[in-house]
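I opened this notebook to keep track of what I looked up, entry by entry, for a reader who is new to the structure. My topics are the ligand, the open and enclosed spaces, and a few backbone details.

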Amino acid sequence: MDNAVRVTAAKDGLRAQRIETPSWAYANSGTRFKVFAQAGVPRNPREKIADAAVVHRLTGVAPTVALHIPWDRVDDYRELAAYAKDQGVSLGVINSNVFQDDDYKLGSVTNPDPGVRRKAIDHLLACVDIMDATGSRDLKLWFSDGTNYPGQDSIRARQDRLAEALREVYDRLGDDQRMLLEYKLFEPAFYTTDVPDWGTSYAHCIELGPKATVCIDTGHHAPGTNIEFIVAFLLRAGKLGAFDFNSRFYADDDLMVGAADPFQLFRIMHEIVSADALRQDAGIAFMLDQCHNIEAKIPAIIRSVLNVQEATAKALLVDTDALAAAQRSGDVLGANAVLMDAFSSDVRPLLAELRTEMGLDPDPVAAYHREGYAEKIIAERVGGDQAGWGA
Ligand code: PSV
Ligand code: MN
């Protein structure tokens, strides 16, 4: 394939790419030390959706917004979906939340108390009802469940309880609905976590069946973990369902994707592209899961979308023929050079050109600042309670 053909193919891949933004990234967030409120922040799910629609209008590749229940609880989800449609976006993954009630101190679906387990499972089932109303395909499950001290609870019994809960929710899914099981090494539990890694998630998903797949949150690993290996393994097994993209320097930092380690993001996207899994019908949801604690939220989300696009563009520009030839002949340095050439290329002009072809501003961040949306929401969103964690 010559370079011009590769650039055209890369543009096609980029044009078809879809990146989902999270409703909570538009709201106030912080650390356990302090949440710094920002002016103009949404006060309800509709205003979050309106902000997500701006991101989509300027980038052209972010047409869905993920909801988090109960943070985005409304009386009528069909009506919310219709509102989203009017804004030019649609509702995406439903994120369940069984980590913020007092009842969940010792866990949710793995809690030793069957009454608490019932409450948690009922919430997950209610999330499937919401999916029916919004037309969402995916239910995302993340459990903060675990223990802090050796002996606190039976590790094995907790796995049994987890499997039982997952089974009940799995059996409630419709034919076109899926379950995404997210893992996280630690926090808030510090000794054991009930779904700490991709292997645990994968094992449960295999046991459950084809509608259960793994969600990789890039911030949920031990430092130094080779995430692209996990991506490659799960792709091969047909069990990669989604990404929660973000960056981490230390733990679950939830910073902008591509900010801490753009090379890692490129390596991940290279695995995706080489497995031909960028296509929408490959069924992988590419989502952001970020919190913008000190930076302006909407431009940070736009920047994040652009960062994913840049890593994807580089991955699409890899000279696959040269790479395969170098790999076949055992040319270690040659193979590595092919990959590094693609990573080192400046794809910003290509992306700017693509945006112009798509009828977009070539610089979405500049366009955002120019059009005065930030000033408009600061002026309009006065009074009421700003949305944030737990609201
Ligand atoms: C947990 O840390 C997590 O990554 C899950 O995806 C949650 O739903 C999300 O964060 C909430 O911010
Ligand atoms: Mn996540």
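**Entry on ligand contacts.** I began with ligand 1 and found that a polar side-chain atom of D289 lies 2.7 Å from one of the ligand's oxygen atoms. I then noted how much of the ligand is covered: of the 320 Å² of accessible area that ligand 1 has on its own, the protein covers 93%. I kept in mind throughout that this is a predicted model, and that the distances I write down are computed from it.

I next looked up E182, where an N or O atom of the side chain is 2.7 Å from an oxygen atom of ligand 1. For D217 I noted the corresponding distance, from a side-chain N or O atom to an oxygen atom of ligand 1, as 3.0 Å.

**Entry on the shell.** Which residues come nearest to ligand 1? I found 13 residues around the ligand, and H68, E182, D217, H220 and D289 are those that come nearest. Sorting the shell by class, I counted 3 nonpolar, 3 polar and 7 charged residues.

**Entry on the largest pocket.** I asked where ligand 1 sits, and the place turned out to be the largest pocket. I noted a volume of about 1,300 Å³ for this pocket. Its lining is made up of 42 residues, of which W142, K184, E187, P188 and D252 are the closest to the centre of the pocket. When I divided that lining by class, I obtained 14 nonpolar, 14 polar and 14 charged residues.

**Entry on enclosed space.** I then turned to cavities, and I found that the structure holds 1 cavity of 30 Å³ or more. The largest cavity contains about 50 Å³ of space, and its lining consists of K184, L185, F186, E187, G219, H220, H221, R248, A251 and D252. By class, I recorded 3 nonpolar, 3 polar and 4 charged residues in this lining. I marked H220 as a residue to look at twice, since it is listed among the residues that come nearest to ligand 1 and also lines the largest cavity.

**Entry on the backbone.** How is the peptide bond between E187 and P188 arranged, cis or trans? I found it to be cis, with omega at about 10°. E187 itself has a phi near 80°, which is a positive value in a residue other than glycine. I placed E187 in the loop between β6 and β7, and P188 lies in that loop as well, with β6 spanning 178–182 and β7 spanning 192–193.

I also looked up I69 and P70, which are joined by a cis peptide bond with omega at about 20°. I located P70 in the loop that runs between β2 (64–68) and α3 (77–87).

Key
Residues are numbered from 1 along each chain as its sequence is written. Chains are lettered from A and ligands numbered from 1 in the order in which they are written. This is a predicted model: local features need pLDDT of at least 70, side-chain atom pairs count only at pLDDT 80 or more; totals for chains, interfaces and linings use all residues. Side-chain values use heavy atoms; hydrogens and water are left out. On a 1 Å grid over the protein atoms alone, a cavity is a set of points where a 1.4 Å probe fits but cannot get out, and a pocket is an open set with protein on both sides within 12 Å along at least five of seven lines; lining residues have an atom within 4 Å of a point. Grid points are joined across faces, edges and corners, and a volume is the space filled by probe spheres set on the points. Ala, Val, Leu, Ile, Met, Phe, Trp, Tyr, Cys and Pro count as nonpolar, Asp, Glu, Lys and Arg as charged, and the others, Gly among them, as polar. A residue is near a molecule or strand if one of its heavy atoms lies within 4 Å of it. A polar contact is a pair of N or O atoms within 3.5 Å; within protein, one must be able to donate a hydrogen and the other to accept it, and residues adjacent in sequence count only if both atoms are side-chain atoms. Accessible areas come from the Shrake-Rupley method with a 1.4 Å probe; for residues, only the protein chains shown count as cover. A molecule sits in a cavity or pocket if more than half of its atoms lie within 2 Å of its grid points. Helices (H or I, at least four residues) and strands (E, at least two) are DSSP runs, numbered from the N terminus.
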